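Open the structure in your viewer and keep the selection tool at hand. The tour below goes from one selection to the next and says what is found at each stop.

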Amino acid sequence: MRSAKDFFRPLAVGAPTPITEVPARPSRVIHFFDPSNAKMAAKVPAMVGTVDVLLGNLEDAVKADRKEAARAGLVEIAKATDFGEHTQLWTRINALDSPWALDDLTTLVTEIGDKLDVVMVPKVQGAEDIHYVDRLLAQLEAKAGLTRPILVHAILETARGMVNVEEICGASPRMQGLSLGPADLAADRRMKTTRVGGGHPGYLVRTDPVDGDVTGARATAQQDLWHYTIARMVDACAMHGIYPYYGPFGDIQDVVACEDQFRNAFLLGCVGTWSLHPVQIEIAKRVFSPSAEDVAHARRVVEAMGDGTGAVMLDGKMEDDASLKQCLVIVELAERLAQTDPVLAELYADARESGSPEEPAPASASGAPGDGDRR
Ligand SMILES: CC(C)(COP(=O)(O)OP(=O)(O)OC[C@H]1O[C@@H](n2cnc3c(N)ncnc32)[C@H](O)[C@@H]1OP(=O)(O)O)[C@@H](O)C(=O)NCCC(=O)NCCSC(=O)C[C@H](O)C(=O)O
Ligand SMILES: [Mg+2]
């Protein structure tokens, strides 16, 4: 067992000191590209600044006989590209039990470790996988003379990984976040789907029969197959101070359902998602940035709540300490995004709520807005 103090000591002599807080950098869209695909690779430099994260994918979707080419391609792209201040470079390495993972980590950290922000590890089963990557990264960082630690992102795509989700999140100070891997997870769970993420028309609830007529027309509503998984992931991440992400939506043409799936994840607490094709980039950015109207409303609540205690009435609704905290999540996210995205900065600066806002009125004696510190 490691002591709490050991947790923040480097795992190799000469490795950078582990971080205590995961940097809150915008990561609404993690854009996947195959570095061995010349057409895709050629588009990467022009995508800098248009996505929060560019991810060189080495795992699934890269053919087995292109693995070395993909690794070499990523090294070449990273060396040749200036990613600027606002676009991070991530990679998804091959699975730890594959013939490529060791060379992926060794090559990438020693060759381009100074440019690499996060390593995404697929098919993570438990804390032991993170401990292995943690130590190896420390050794390689020391060898490469890196001064900042590379962070680790785990993909949840096995039932065992799901069961161990809390220990995975807390396995290392390098843990940056989690993504859902719906296709692999569905297969591992023996779910009866054949899609990469998204819903299924057969997964539904139906209204009760009228007058016992079970054959009569009854409304149905499709349910979200991923609700439990995402909610569980969000809780585990929140508990450990790291970030949850949706993952892939494989029906590239169905931009409407893609947006719905992304929005469900956003509303449940995820901070971003993957884009597999350029058409998904704008969807992800739009969904994972709060709307101007929500920002305007959140600001009104913050303003109305004064010192942050008590209760007030605003537009016929009760606002109190707890609704204030929700509004602060929105306001703080908007402020963070505005720092890196000039379009959002302008949008949020001019943000107004639709309708005619009323003046807040105290709902109780203790709820009068005051001038004290906001909680
Ligand atoms: C899905 C694709 C195979 C589609 O590719 P393509 O048929 O070439 O699409 P288009 O003709 O519409 O492409 C138009 C142009 O855009 C370029 N393009 C396409 N995708 C990308 C991209 N991701 N980044 C940059 N540029 C891209 C094409 O080259 C075309 O260019 P041009 O001809 O010059 O106009 C393809 O999009 C793709 O392979 N995407 C990535 C797929 C991927 O990464 N999959 C792995 C992640 S999902 C997963 O692993 C499952 C998960 O782990 C789980 O378990 O759930
Ligand atoms: Mg997968």
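Which helix supplies the largest share of the lining of the second largest pocket? Select H7, which contributes three residues to that lining, and keep in mind throughout that this is a predicted model.

**The second largest pocket**

Select helix H7 (182–189) together with strand E1 (29–33), since each of these elements supplies at least two residues of the lining of this pocket. The second largest pocket has a volume of about 350 Å³, and among the 18 residues that line it, those closest to its centre are Asn 57, Asp 60, Ala 61, Arg 92 and Leu 276. If you colour the lining by class, you should find ten nonpolar, three polar and five charged residues.

**The largest pocket**

Now move to the largest pocket, whose volume is about 1000 Å³. It is lined by 42 residues, and to find its centre you can select Phe 266, Pro 290, Val 329, Ile 330 and Leu 333, which are the closest to it. Several elements give two or more residues to this lining, including helix H8 (227–240), strand E9 (243–245) and helix H12 (321–340), and it is H12 that gives the most, with nine residues. Colour domain 1 (4–287) and domain 2 (292–362) separately, and you can see why the largest pocket lies between them: both domains give residues to its lining. By class, that lining has 24 nonpolar, seven polar and eleven charged residues.

**The aromatic rings**

Next, show the side chains of the aromatic residues, for the whole structure holds six aromatic pairs. One of them joins Trp 90 and Tyr 245 in an edge-to-face arrangement, with 6.1 Å from centre to centre and 80° between the planes. Because Trp 90 lies in strand E3 (residues 88–92) and Tyr 245 in strand E9, this pair ties together parts that are 155 residues apart in sequence. Trp 90 is buried, with a relative accessible area of 0%, and Tyr 245 is likewise buried at 0%.

Then select Phe 262 and Phe 288, a tilted pair with 6.3 Å between the centres and 50° between the planes. Phe 262 sits in helix H9 and Phe 288 in the loop between H10 and H11, so that the pair links distant parts of the chain, 26 residues apart. Phe 262 is buried at 0% relative accessible area, and Phe 288 counts as buried at 1%. Add Tyr 246 and Phe 266 to the selection, and you have the four members of one aromatic cluster.

**A last stop**

Finally, select Lys 67 and Trp 100, where Lys 67 lies over the face of the Trp 100 ring, at 5.1 Å from the ring centre.

Definitions and conventions. Residues are numbered from 1 along each chain as its sequence is written. Chains are lettered from A and ligands numbered from 1 in the order in which they are written. This is a predicted model: local features need pLDDT of at least 70, side-chain atom pairs count only at pLDDT 80 or more; totals for chains, interfaces and linings use all residues. Side-chain values use heavy atoms; hydrogens and water are left out. On a 1 Å grid over the protein atoms alone, a cavity is a set of points where a 1.4 Å probe fits but cannot get out, and a pocket is an open set with protein on both sides within 12 Å along at least five of seven lines; lining residues have an atom within 4 Å of a point. Grid points are joined across faces, edges and corners, and a volume is the space filled by probe spheres set on the points. Helices (H or I, at least four residues) and strands (E, at least two) are DSSP runs, numbered from the N terminus. Ala, Val, Leu, Ile, Met, Phe, Trp, Tyr, Cys and Pro count as nonpolar, Asp, Glu, Lys and Arg as charged, and the others, Gly among them, as polar. Domain bounds come from an automatic or database domain assignment. Rings of Phe, Tyr and Trp (its six-membered ring) pair if their centres lie within 6.5 Å; planes under 30 degrees apart count as stacked, over 60 as edge-to-face and the rest as tilted. Buried means under 20% relative accessible area, exposed over 50%, partly exposed in between (1.4 Å probe, protein chains only). A charge sits over a ring if NZ of Lys or CZ of Arg is within 6 Å of the ring centre and within 35 degrees of the ring normal.
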